[in-house]
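Visitor: I am new to reading protein models, and I would like to learn how to go through one feature at a time. Could you guide me?

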Amino acid sequence: MELKLHQFDLPLKHTFTITHESRDVQPTLIVELSWHGKSGFGEATETPYYGVTMEKMVAQVESIRHLLPHDILPHPTDFWKMLSKTLLDDHPFALCALDVAYWDLWGKTHDKPLYEIWGLDISKNPITDYTIGMDTVEKMVDKMCEMPFPLYKVKLGTDDDLEIVEALRKETDAVFRVDANTAWTPEQTIYFAPELQKFGVEFIEQPLKADNWEGMKKVYKESVLPIIADESCILEEDVAKCAGFFHGVNIKLMKCGGLTPALRMIKEAKSLGLKVMVGCMTESTIGCSAIAHLLPLLDYVDMDGCLLVDDQISRGITIHYGTVSYAKAAGTGAELIRK
């Protein structure tokens with residue numbers, strides 16, 4: 001098996017601001033695994049908030065080159081298990097890129113899209129939201145007008161959060177979701193919830209600090225809106241921790257280590273009565289195409305990364321007014337068009 005790494009700086013269409021950071025460019029690493037003339041592609045984005053740099057990811061991927069198959073292709077779950085012994089604890093982003101590339105390659109060698117390999121029905125897939133990053137109200141309205149959507153995720157965490165949502169509501173009848181990215185207190189969340197509900201907000205994502213379990217217990221009991229975990233749900237063992245504290249979990253492939261653990265996390269979350277969402281990390285169409293194959297298993301999805309960046313490096317799924325369409329290709333359907 002041949003391994004190639006491709007590094008790109010993806011320009012963001014607008015400065016993307018959340019409570020953790022602001023950025024205008026998204027560095028991303030594309031992993032390519034090739035076997036007998038076919039190539040699979042996976043992706044991981046540089047994310048300083050989680051200590052993930054391009055230099056570290058490249059070194060981490062290079063460290064497993066000697067473990068790549070030579071004679072036969074093991075099943076993707078076995079491939080992940082082998083690599084996870086080296087990479088999972090400290091390097092889930094690099095593990096994700098390798099796992100997704102391998103699943104893509106596996107699908108291509110079997111000439112089937114992943115959802116078909118997994119036996120999933122894509123006829124009732126949920127639509128994706130489109131994210132409006134923190135900004136002035138005027139610029140947030142401009143972003144909505146630029147991208148008309150039936151469903152928006154609104155990033156909050158300012159001193160004027162209710163006023164922002166009220167102002168945005170005057171401009172659209174779309175459904176809102178709000179994401180505070182750990183910026184609120186329990187008291188704020190409980191107070192905000194009925195007001196946000198009036199403005200057509202569907203749920204609140206990660207209002208409190210990731211380790212504020214005592215506060216989340218109170219919010220879980222008293223909030224009139226569902227609460228979805230993000231920063232509190234990273235790896236597989238976090239799913240069970242969220243039961244009784246959140247109404248649902250947002251699973252991100254890069255944080256948990258790829259499609260293989262994500263499939264297990266989705267199954268466990270459902271067994272615990274949790275709603276399931278999968279989110280993105282401002283990746284290109286390569287990363288978003290992988291997420292698309294999980295759609296039949298999800299209640300909610302936030303896979304708009306390829307719409308937030310100027311993606312001239314890849315193709316695969318397309319998104320129109322929230323509806324995701326698959327590429328007519330095997331694996332994830334993604335392809336790197338610039339190397």
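Guide: Let us begin with a charged pair, keeping in mind that this is a predicted model. Asp-179 forms a salt bridge with Lys-155, and the closest N and O atoms are 2.7 Å apart. Asp-179 lies in strand 6 (residues 175-179) and Lys-155 in strand 5 (residues 151-155), so the pair ties together parts that are 24 residues apart in sequence.

Visitor: What general idea lies behind such a pair, and are Asp-179 and Lys-155 buried or exposed?

Guide: Side chains of opposite charge can pair when their charged atoms come close. As for burial, the cut-off is a relative accessible area under 20%. Asp-179 counts as buried because its relative accessibility is 0%, and Lys-155, at 7%, counts as buried too.

Visitor: How many salt bridges does the structure hold, and where else should I look?

Guide: The structure holds 17 salt bridges. One of them joins the side chains of Glu-222 and Lys-218, with 3.0 Å from N to O. Both residues lie in helix 8 (residues 213-222), where they are four residues apart, about one turn of the helix. Glu-222 is partly exposed, with a relative accessible area of 41%, and Lys-218 is also partly exposed, with a relative accessible area of 35%.

Visitor: Which parts of the chain does the salt bridge between Arg-264 and Glu-236 tie together?

Guide: The side chains of Arg-264 and Glu-236 meet at 2.7 Å, N to O. Arg-264 belongs to helix 11 (residues 259-271), while Glu-236 is in the loop between strand 8 (227-229) and helix 9 (237-242), so this pair ties together parts that are 28 residues apart in sequence. Arg-264 counts as partly exposed at 34% relative accessibility, and Glu-236 is partly exposed at 23%. Salt bridges may also share partners, and in this way Lys-153, Lys-155, Asp-179, Glu-205 and Asp-302 are joined into one network.

Visitor: Let us turn to the nonpolar side chains. Which residues of the largest nonpolar core touch the most other members?

Guide: In soluble globular proteins, nonpolar side chains tend to be buried together. Here the largest nonpolar core has 117 residues, and Leu-33, Leu-196 and Leu-294 are those that touch the most other members. Helix 3 gives the most to this core, with twelve residues. To see the surroundings of one such residue, take Leu-294: leaving aside neighbours within four places in sequence, Leu-294 is in contact with Trp-118, Leu-253, Leu-259, Ala-262, Leu-263, Ile-266 and Val-278.

Visitor: How should I read the empty spaces, and how many cavities of 30 Å³ or more does a search of the whole structure find?

Guide: A cavity is a space where a 1.4 Å probe fits but cannot get out, whereas a pocket is open. The search finds three cavities of 30 Å³ or more, and the largest cavity holds about 280 Å³ of space. This cavity is lined by 24 residues, of which Ile-18, Arg-23, Lys-252, Cys-280 and Met-281 are the closest to its centre. Strand 2 (22-35) and strand 5 are the elements that give two or more residues to that lining. By class, the lining of the largest cavity divides into seven nonpolar, seven polar and ten charged residues.

Visitor: Which residues lie nearest the centre of the largest pocket?

Guide: They are Tyr-50, Val-52, Asp-90, His-91 and Pro-92, among the 17 residues that line the largest pocket. Helix 1 (54-62) and helix 3 (92-109) are the elements that give two or more residues to this lining. The space in the largest pocket is about 230 Å³, and its lining has nine nonpolar, four polar and four charged residues.

Visitor: Finally, what should I look for in the backbone angles, such as the phi of Thr-182?

Guide: Most residues other than glycine have a negative phi, and most peptide bonds are trans. The phi of Thr-182, however, is near 75 degrees, a positive value. Thr-182 lies in the loop between strand 6 and helix 7 (186-198), and is buried, with a relative accessible area of 5%. Gln-206 also has a positive phi, near 40 degrees, and is placed in the loop between strand 7 (201-205) and helix 8. With 0% relative accessibility, Gln-206 counts as buried.

Conventions: Residues are numbered from 1 along each chain as its sequence is written. This is a predicted model: local features need pLDDT of at least 70, side-chain atom pairs count only at pLDDT 80 or more; totals for chains, interfaces and linings use all residues. Side-chain values use heavy atoms; hydrogens and water are left out. On a 1 Å grid over the protein atoms alone, a cavity is a set of points where a 1.4 Å probe fits but cannot get out, and a pocket is an open set with protein on both sides within 12 Å along at least five of seven lines; lining residues have an atom within 4 Å of a point. Grid points are joined across faces, edges and corners, and a volume is the space filled by probe spheres set on the points. Ala, Val, Leu, Ile, Met, Phe, Trp, Tyr, Cys and Pro count as nonpolar, Asp, Glu, Lys and Arg as charged, and the others, Gly among them, as polar. A salt bridge is a side-chain nitrogen of Lys or Arg within 4 Å of a carboxyl oxygen of Asp or Glu. Buried means under 20% relative accessible area, exposed over 50%, partly exposed in between (1.4 Å probe, protein chains only). A nonpolar core is a set of buried Ala, Val, Leu, Ile, Met, Phe, Trp, Tyr and Cys residues joined through side-chain atoms within 4.5 Å. Contact means heavy atoms within 4.5 Å.
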